[in-house]
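Please keep the viewer open beside this text and make each selection as it is named. The stops are meant to be taken in order.

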Amino acid sequence: MREGISHRTFVSYIDKSREYYRAYGYEKPYAWARYEDVPFAQLSKPLSQCRIGVVTTADQGPREAPRSTKLYSAPNSSRNELFREKSWDREATHTDDSDTYLPLTRIEEHVAAGTIKELNSRFYGVPTDYSQRLTVEQDAPQIATWAREDNLDAVILVPL
Amino acid sequence: MSLVARHLEANNIPTVVIGSARDIVEECGVSRFLFVDFPLGNPCGKPWDIEMQYSIIGGALELLERAWLPRTTIQRPEIWAHGDADKVWRERFLRVDDNNREELAKAGEMRRQAQAKNREAAQE
């Protein structure tokens with residue numbers, strides 16, 4: 001189907017959140033991260049021989065829990081026990097099906113089908129944080145350390 | 001999350017981000033981004049739609065292997081709803097208009113007052 005448009009169709013969350021919080025009375029807009037250069041790593045082996053890990057922004061504790069609880073690793077068996085009090089669209093959808101944001105079951109099916117070799121036995125949680133400094137200096141290095149400990153060949157990251 | 005992906009890439013661990021906030025991920029800049037044009041909450045497919053979820057994850061895995069340059073975005077073909085119904089969620093999320101402007105300003109003011117009170121209590 002073809003239609004004429006005067007605005008882009010995909011939602012700009014940077015624009016929308018800026019206007020929303022301005023209406024809320026916060027005049028200084030959030031400064032989102034933007035980089036010119038982007039690092040790039042290639043797979044070192046065929047996909048079918050790869051061991052894959054997953055990172056989520058869903059929490060192990062409620063929203064008001066301290067930040068220190070929000071960077072974690074957890075066994076795949078706890079996939080349905082996470083807190084999801086994030087800024088997702090509560091009017092349009094729900095998060096009752098964990099595979100819509102933490103796709104461990106679907107990845108296991110791809111293992112069974114031979115697309116990849118293995119899914120890691122644990123997944124990692126990372127805080128959604130106003131502070132980009134803490135994400136870069138604390139969280140990202142810890143996730144990289146875990147990924148090396150677990151011999152991961154690649155990582156899927158899913159912001160909720 | 002994009003910042004974590006960038007760090008992993010810089011440490012020679014390939015990544016793919018599956019997400020629905022296209023502007024946030026692309027402005028930050030990641031190696032591989034699978035864009036699913038859905039309301040926030042279900043980037044890996046519609047609830048209980050196993051076939052769709054399996055296909056989206058397959059797409060993410062394929063992107064891991066096939067991208068040859070950073071900032072590779074693939075937009076998935078799935079759509080949330082057809083025709084005008086697909087415009088509703090896009091317009092409604094974080095909407096600010098004359099109907100709620102006053103209410104938002106009031107809510108913001110109450111929140112700031114509550115925060116100020118908490119700060120005072122913490123100092124006592």
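Is Glu51(B) buried or exposed? Select Glu51(B) and look at its side chain: its relative accessibility is 69%, so the residue counts as exposed. Keep in mind from this first stop onwards that the model in the window is predicted. Glu51(B) belongs to helix α3 of chain B, and a useful second selection is Thr73(B), which lies 22 residues away from Glu51(B) in sequence and 22 Å away in space, taken from C-alpha to C-alpha.

**Chain B as a whole**

Now show chain B alone as a cartoon. The chain holds five helices and three strands, and as you follow the sequence these elements come in the pattern α-β-α-β-α-β-α-α. Reduced to its C-alpha trace and viewed along the principal axes, chain B spans about 55 × 45 × 25 Å. Its radius of gyration is 20 Å, whereas a compact globule of 124 residues would have one near 14 Å. If you colour the chain by accessibility, 51% of its 124 residues count as buried. Where contacts join residues at least 6 apart in the sequence of chain B, 48% of them are between residues at least 24 apart.

**Helix α3 of chain B, further along**

Return to helix α3 of chain B, which covers residues 50-66, and select Glu62(B) together with Arg66(B). Their side chains meet in a salt bridge, with 2.6 Å from N to O. The two residues are four apart in this helix, and therefore about one helical turn separates them. Glu62(B) has a relative accessible area of 39% and is partly exposed, while Arg66(B), at 59%, counts as exposed.

**A salt bridge between buried residues**

Next, select Arg76(B) and Glu78(B), whose side chains form a salt bridge of 2.7 Å, N to O. What sets the surroundings of this stop is the accessibility of the two partners: Arg76(B) has 12% relative accessibility and counts as buried, and Glu78(B), at 13%, counts as buried as well.

**Across the two chains**

Bring chain A back into view and select Arg34(A) and Glu27(B), whose side chains meet in a salt bridge at 3.0 Å, N to O. This pair crosses between chains: Arg34(A) sits in the loop between α1 and β1 (51-56) of chain A, and Glu27(B) sits in helix α2 (residues 22-28) of chain B. On the chain A side, Arg34(A) is exposed, with a relative accessible area of 57%; on the chain B side, Glu27(B) is partly exposed, at 34%. Over all chains the count comes to 28 salt bridges.

For a linked group, select Arg8(A), Asp15(A), Arg18(A), Glu19(A) and Arg22(A), which are joined in a network of salt bridges.

**The second largest pocket**

Keep Arg8(A) selected, since it also appears at this stop, and display the second largest pocket, which holds about 690 Å³ of space. Which residues are closest to the centre of this pocket? Of the 23 residues in its lining, these are Arg8(A), Thr9(A), Phe10(A), Lys87(B) and Arg90(B). Two helices, α1 (13-23) of chain A and α4 (85-92) of chain B, each supply at least two residues of the lining, and the most comes from α4(B), with four residues. Colouring the lining by class shows six nonpolar, seven polar and 10 charged residues.

**Two asparagines with positive phi**

The tour ends in two loops, one in each chain. In chain A, select Asn151(A), which lies in the loop between α3 (132-149) and β5 (154-158); its phi is near 55°, a positive value in a residue other than glycine. Asn151(A) is exposed, with a relative accessible area of 55%.

In chain B, select Asn12(B), found in the loop between α1 (2-10) and β1 (15-19). The phi of Asn12(B) is near 70°, which is again a positive value in a residue other than glycine, and at 60% relative accessibility Asn12(B) counts as exposed.

Key. Residues are numbered from 1 along each chain as its sequence is written. Chains are lettered from A and ligands numbered from 1 in the order in which they are written. This is a predicted model: local features need pLDDT of at least 70, side-chain atom pairs count only at pLDDT 80 or more; totals for chains, interfaces and linings use all residues. Side-chain values use heavy atoms; hydrogens and water are left out. On a 1 Å grid over the protein atoms alone, a cavity is a set of points where a 1.4 Å probe fits but cannot get out, and a pocket is an open set with protein on both sides within 12 Å along at least five of seven lines; lining residues have an atom within 4 Å of a point. Grid points are joined across faces, edges and corners, and a volume is the space filled by probe spheres set on the points. Ala, Val, Leu, Ile, Met, Phe, Trp, Tyr, Cys and Pro count as nonpolar, Asp, Glu, Lys and Arg as charged, and the others, Gly among them, as polar. A salt bridge is a side-chain nitrogen of Lys or Arg within 4 Å of a carboxyl oxygen of Asp or Glu. Buried means under 20% relative accessible area, exposed over 50%, partly exposed in between (1.4 Å probe, protein chains only). The radius of gyration is taken over C-alpha atoms; the globule rule is 2.2 Å times the number of residues to the power 0.38. Contact means heavy atoms within 4.5 Å.
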